[in-house]
Amino acid sequence: MRERFDLQTNSNNRTHFSDDERGLQFRHRLPHLLSPPPPSALFSLLSLCSLSQMASCVEQVSLETVAFMELAVHQATLAMDSLEVPVGCVIVEDGEVIASGRNRTTETRNATRHAEMEAIDVLLEKWKQNGLSEAEVANKFSKCTLYVTCEPCIMCAAALSILGIKEVYYGCANDKFGGCGSILSLHLSSSEPLISGGVSRQKGFKCTGGIMASEAVSLLRSFYEQGNPNAPKPHRPPVQKI
């Protein structure tokens, strides 16, 4: 059974933030959000934005964006608690969380079960049960936004592009496998035909990185510093703490 975020939700697994609730919930965070970010956060942002773009990149982060990214970070924490690489995500439609996911590659013994794929499959199964057509599913995805703690890998970015997701917000960059700018830029519209007849099925989507990057990096660093117990032997030993 897939893990769910254990916040108050209704029977449709939706979490809704009204304007008043957002203001009350995050008012106490305003001093923190307006204060200069720590050096680790600035370093992460520098890998995603040029110096001239960094200020605007930070300014565009809304309280709602932070709220949803916090839910993604919670999913990443659940993954780490399950000895999985700590990456988590939520998918939002019209201001409501309609699916969540976390890495489950070890649990399922399936290398494709990344957080994004888990959340996507939740929606595909739900919409299939509701009798939605392929066109209706495509229309639904075109109104969805993904919040994920780490830049989608090439596999996940390609899937998001084919599904036609509206927008993606992510935390830290994925320097080895990133598909949204670090290695490939699959979020940009592709001119390469993917199916016979010369028709491209890929669609571009807006992508913004550096949201709560320091929190995402901290989780990943903690996971790898303690040593990955599921890594093939021999693996890098845990860091000895003095």
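In this predicted model, strands β4 (residues 144-150) and β5 (residues 167-172) pair in the parallel sense, with 5 bridges between them. Within this pairing, Val148 has Tyr170 of β5 as its bridge partner. The connection between the two strands is made by helix α9, the chain passing from β4 through α9 to β5 in a right-handed β-α-β crossover. Strand β4 is also joined by 5 bridges to strand β2 (residues 88-93), and here the two strands run antiparallel; Val92 is placed opposite Thr145 of β4. Because 7 of the 7 residues of β4 are buried, this strand is largely enclosed by the rest of the structure.

The crossover helix α9 spans residues 154-163, and its buried residues are Cys156, Ala157, Ala159, Leu160 and Ser161. The elements that cover these buried residues include helix α7 (residues 115-129) as well as strands β4 and β5, so that α9 is in contact with both of the strands that it links. After α9 comes Gly164, a residue whose phi is positive, near 80°.

Helix α7, which contributes to the cover of α9, also packs against helix α8 (residues 134-141), at an angle of about 140° and with the two axes 11 Å apart. This angle makes α7 oblique to α8, and α7 passes α8 in a right-handed crossing. On the α7 side, the residues that meet α8 are Ile120, Leu123, Leu124 and Trp127, whereas α8 contributes Val137, Lys140 and Phe141.

Note on methods. Residues numbered from 1 in each chain as written. Predicted model: local features only at pLDDT ≥ 70, side-chain atom pairs only at ≥ 80, totals over all residues. Heavy atoms only, no water. Buried < 20%, exposed > 50% of the residue type's maximum accessible area, 1.4 Å probe, protein only. Helix = DSSP H or I, 4+ residues; strand = E, 2+ residues; numbered from the N terminus. Contact = heavy atoms within 4.5 Å. Pairing = 2+ DSSP bridges. Right-handed = clockwise from strand over helix to strand, strands pointing away. Axes fitted to C-alpha atoms, helices over the stretch in contact; angles between N-to-C directions. Parallel < 35°, antiparallel > 145°, perpendicular 65-115°, else oblique. Left-handed = near helix turned anticlockwise from the far one by under 90°.
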